[in-house]
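Grab a coffee and work through these short exercises with the model open beside you. Each one sets a task and then walks through a solution.

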Amino acid sequence: MPVEVILPKVDMDMATGRISSWFFEEGATVAQGDVLFEIETDKAAMEIEAPASGVLRNVTGKVGVDIPVGAPVAWIYAAGEAEADAATAVAQATPPAETAKAAASALDAGAQACAASPAAGPSSCTGSPDGAAVRASPLARRLAREAGLDLLSIQGSGPRGRVVEKDVVAAKQGSAVQPEVPVTAAQPATAAAPAISTPVPVTPLAAPASDDQIKRLFAAGSYEEIPHDSMRMTIARRLTEAKQTIPHFYVTVDCELDALLKLRAELNADAPEKDGQPAYKLSVNDMVIKALALALKAVPDANVSWTEGAMLKHKQADVGVAVSIPGGLITPIVRGACGKTLSEISNAMKDLAARAKAKKLKPEEYQGGTTAVSNLGMFGVKDFAAIVNPPHATILAVGAGEPRPVVKAGQLAIATVMSVTLSTDHRAVDGALGAELLRAFKGYIEKPMTMLV
Amino acid sequence: MAAPSLAADTRDTKNLPFLYRHYPREELLGALRRMHLIRKFEEGAEESYMRGLIHGTMHLSIGQEASAVGICLPLTREDQITSTHRGHGHCIAKGAEVKRMFAEFFGKTTGYCGGRGGSMHIADVSTGNLGANGIVGGGIPIAVGAALTAKRLNTGKVVVSFFGDGANNEGAFHEALNMAAVWKLPVVFVCENNKYGMSTSTERSTAVPNIADRAAAYAMPGVIVDGNDLSAVAQASHEAVERARRGEGPSLIECKTYRYRGHSKSDRNRYRTKDEIDEWMANRDPIERYEAELSAFGIATAEELEAVREAVRAEIAAGIDFAKESPAPVVADLADYVYTEQN
Amino acid sequence: MDTAVRELSYSQAIQEAMAIALEADERVILMGEDIGVYGGAFQVTGDLIERFGPERVIDTPISELGGAGVAVGAAVTGLRPIFEFQFSDFATLAMEQIVNQAAKMRYMLGGAVSVPLVMRFPAGSGTGAAAQHSQSLEAWLGHVPGLKVIQPSTPHDVKGMLLAAVADPDPVMIFEHKLLYKMKGPVPEGHYTVPIGKAAIRRDGKDLTIVATSIMVHKALEAAETLAGEGIDIEVVDLRSIRPLDRETIIASVKKTSRLLCVYEGVKTLGIGAEISATIAESEAFDYLDAPIVRLGGSETPIPYNPELEKAAVPQVPDIVAAARDLVSGVR
């Protein structure tokens, strides 16, 4: 029996993934453990190893196409093992009309792979136009078909992610507030929007206007349609969820930066040389990370995560730092930031940011964390409020440090001032607690030497 | 056929063989007609097969006509038989019409089985034939069952079970003969020993020299007759049928005979010599022997014999025409007769 | 019809049915090994020989093939034999007559005859009789057009279905699980029939359909009661007849419950459950399935002697409970 190579789930909430590149070609001999291909998830690239040794065949997993988790992407045959051709026959026997229909549905990566590749592996490709690659019970398929719902848009709760009756019922109830533009069988959504790819489950609680409704507001040809990639869909889903389910509360404070900037300049000037370069170059953000971590240590009740059953009170402060990357953002985490020196934090951040941009982060490097920092100061932003990124209970939005008039001892003076806004999950961190946390943070920022002891 | 009587016959028959003493001239000529019908029917079927008008295969009994006709001579229309895969002769001997047999061979709705049975399952139930059988020995226990019915319902019927030499090595043969004897049933077992079970000779397949010897194991009479001698066959049958009708139980008759054709249409005759076949055809042909006797005993002239042959040729030709012209079954009726239709 | 209803055992119900048939119709005879003064290996014929005599309650030699053939010949020519195989396993010796002759005779002869034959097959495991006396071969015969194959599960049904079989113009094969013989249940007096080819819903439910045969009906009902305590509501369909198959009842039930579990004692592979599953997969009920179809059948082994092994070789109540629970709770 050939060994199935599947698109593995490498991320907690991953429903689909894209292969960014194959390292072996059809027919190549591979050894167990060889890196076969790389998956681009919404957050990172993962290298996937061969599950067995043998000859790689029926490579159906196309590069750059959303593939459901668990779907076969190739097969490894033992040396001398006859290649199964049943699936080939099935694929070739797919009637042209269905092939066209399936191909039109760019949503359905599995069906596309089945129809497009005559060398489809010995999987259960059925050529089914409505989602061969989706695990769904026949009942769920029928209910979805009758309701005009795309199975790919429904998160399955059954075994191995199978969409079952109750998932479709829930999805229907979710979209019940949207009376217009029912998608009928005669006018399938796939045919109406052939190029749109919405592969990642999005289950809107209150559905916004439909795609068609939005598009009708603009003249045809006045815009370019850019398909969502998986990162965009994950951002959309997670932030919608966060903003809709977390009661946000905001606290803003101004911090004077002059002492911090002076200390930073001194420390950077004194940085030892390493390989002809300074061993570190601290940024204001590195010091913000450290200050926030120390503030959480000082106000441990704010270093929490909300769960329905209990409050998780964390023993160390892991600070996520939002890093803008092409097409989106990612939040790598500086773990145990309290215990790290500024130079350690600084160097860690440089490494994480570089690998984030290259999509080389491992899941454990961006999953979890107890708080986050989002800094738009480099864009001259004075102040803004960020969305809490669960499981965090807080996020600190950092504006630009700029000279501002301040009053000191009844006198007008000029100081470098940075406004920060703490967003809290009010279920976990009340207003006063948030204010207490910010006071502690401000203390570290304005007396930066305290961060060094 | 029933209860032959010589009352109207003025011939002096007391020194003639059994057949001529017991049956009137009309019945003797009727027996000749049936022997010819069997042979011409099978020749016509064979020709139709070779012309591609008949599919499947067939097992021809040409050369064995005296056995079929002689055994059936003492039977009434109500008496019953079970037959074999080589059963066209039994069917005709028991009274079936050749035109409906041809129609069955041609797979037509007018055939005895509505085109569902073909050569191997041909039967005219209305003349007491419970069916040819594709399973060697398959009909023997069924005949015993029919005899059980006759005894239980006291119908007075006798049942004849035809089978070949091959069947005498089937378990069903032994089980059936045993039960028929234990229960004293009105059944006559007729083994048409044509020397070969397909290709395997009785010498190579059977431990006893004569199949009739097996009767001893079941405490019933075992009779060996020249199966190509119509009178001898009719006499053996007459005695066994009368015994059965008297409630004295079953008998086993072994008719030693020979089939001229191969086992079936695929037979290449590798297991016997051409000399052997020629010897049987030249010197022991049952129809020639019977016609010679009819002439010798002054029962029919050459012209009268030719008239019988001519009538048979006409009946065969008409039968083939009937079959060709008959309607074929419609596919929609495929499932008819699987179960008894109940309204 | 006003008739008294008593408690009878399954074997008493069979005997009563046979007595009624013998009484009503001179053409009815019983045939089998040791069914006379011995009363049958399972005492099903009992003392019928005393009431109807050895001419009608016929002990056959140990000749299953010949005996079956005699029954076929008798049926074709006007009797209505009820033929008992001492154990259903012994029917293997008679397959020729059952499959080639009884089942096909009417068809081969273009409708010129009928074969009103009833055959009874004591079947199933649980008696410690091991591999050659414990099989469930009903699916073998269920594969043969021309036969009707039934598996009554209650005393009431076995009497009514046996009388229906005697009245039926075609060969009817009755598979009687040996462990049912002593089971008691209400049986009306007198003549009545239970139609061949109609399944019975033994328990209404909405979460899962269990289609079961013979003794497995009772095990399924027991499992359903256990699961009712967990809030799982199971419908139990007693197939009763495997040829003809009551597809309508099964399909309607699965459309209602969206889940199907097949439970039968015959070997699982290529068994009745495969046919039930395929029936649903091919039907409009497919679009109502919310979980995979699951089969519980006999193990892929001969029936062993050791009692623990023997139990393990066929589905038991805990197996049914577990499978049903998994199906309803979404584990499968």
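Before starting, one definition: two residues are in contact if their C-beta atoms, placed from the backbone, lie within 7 Å. Keep in mind, too, that this is a predicted model.

**Exercise 1. A helix on a sheet in chain B**

Task: Work out which strands H6(B) lies across, and at what angle H6(B) runs to E2(B).

Solution:
- Start with the sheet. Five strands of chain B make an open sheet in the order E1-E2-E3-E7-E6, and the pairing is parallel.
- Find the edges next. Strand E1 (80-82) and strand E6 (222-226) of chain B each pair on one side only, so they are the edge strands by that description.
- From one strand to the next, the twist averages 20°.
- Look at one pair in detail. E6(B) and strand E7 (residues 251-256) of chain B run in the parallel sense and share five bridges. In this pair, Val223(B) sits opposite Ile253(B) of E7(B).
- Now add the helix. H6(B) lies across E1, strand E2 (159-164) and strand E3 (187-193) of chain B. Its direction is about 175° to that of E2(B).

**Exercise 2. Where chain B meets chain C**

Task: Find which element gives the largest share of the side of chain B that touches chain C.

Solution:
- Count the residues on each side: 35 of chain B are in contact with 35 of chain C.
- List the elements of chain B that give two or more residues to this side: helix H6 (139-152) and helix H7 (171-182).
- Pick the top contributor. H6(B) gives the largest share, with nine residues.
- Sort the chain B side by class: 20 nonpolar, 11 polar and four charged residues.

**Exercise 3. Where chain A meets chain C**

Task: Say how many residues of chain A are in contact with chain C, and which helix gives the most.

Solution:
- On the chain A side there are nine residues, in contact with 10 residues of chain C.
- Helix H4 (residues 138-147) of chain A gives the most, with four residues.
- By class, this side of chain A has five nonpolar, two polar and two charged residues.
- Check the annotation. The unreviewed UniProt entry places "domain: Peripheral subunit-binding (PSBD)" at residues 135-172 of chain A. Over that stretch the chain is 47% helix and 0% strand, with the end C-alpha atoms 18 Å apart.

**Exercise 4. Two helix pairs, two angles**

Task: Decide how H10(A) is oriented to H13(A), and how H1(C) is oriented to H7(C).

Solution:
- Two packed helices are described by the angle between their axes and the distance between the axes.
- Take chain A. The axes of helix H10 (residues 284-298) and helix H13 (residues 431-446) of chain A come within 8 Å and cross at roughly 135°. That angle makes H10(A) oblique to H13(A).
- H10(A) passes H13(A) in a right-handed crossing. Residues making this contact include Leu292(A) and Ala295(A) of H10(A), along with Phe441(A) and Tyr444(A) of H13(A). The class count is 11 nonpolar, no polar and no charged residues.
- Move to chain C. Helix H1 (residues 10-24) and helix H7 (residues 155-167) of chain C pack at about 25°, with axes 8 Å apart. Angles under 35 degrees count as roughly parallel, so H1(C) is roughly parallel to H7(C).
- H1(C) passes H7(C) in a right-handed crossing. Among the contact residues are Ile14(C) and Glu16(C) of H1(C), and Lys159(C) and Leu162(C) of H7(C). Here the count is 11 nonpolar, no polar and two charged residues.

**Exercise 5. The chain A sheet and a cis bond**

Task: Locate Pro391(A) relative to the strands of chain A.

Solution:
- Lay out the sheet: six strands of chain A form an open sheet in the order E9-E20-E19-E18-E14-E17, with mixed pairing.
- Zoom in on strand E18 (residues 371-375) and strand E19 (residues 394-408) of chain A, which pair in the parallel sense over four bridges. Asn375(A) has Val398(A) of E19(A) as its bridge partner.
- H13(A) packs on this sheet, touching E9, E19 and strand E20 (411-425) of chain A.
- Pro391(A) is in the loop between E18 and E19 of chain A. A cis peptide bond joins Pro390(A) to Pro391(A), with omega about 15°.

Methods: Residues are numbered from 1 along each chain as its sequence is written. Chains are lettered from A and ligands numbered from 1 in the order in which they are written. This is a predicted model: local features need pLDDT of at least 70, side-chain atom pairs count only at pLDDT 80 or more; totals for chains, interfaces and linings use all residues. UniProt positions are given in the numbering used here, feature names are shortened, and annotations may be inferred rather than shown by experiment. Ala, Val, Leu, Ile, Met, Phe, Trp, Tyr, Cys and Pro count as nonpolar, Asp, Glu, Lys and Arg as charged, and the others, Gly among them, as polar. Axes are lines fitted to C-alpha atoms, for helices over the stretch in contact, and angles run from 0 to 180 degrees between N-to-C directions. Angles under 35 degrees count as roughly parallel, over 145 as roughly antiparallel, 65 to 115 as roughly perpendicular and the rest as oblique. A crossing is left-handed if the near helix is turned anticlockwise from the far one by less than a right angle, and right-handed if clockwise. Two strands pair if DSSP finds at least two bridges between them.
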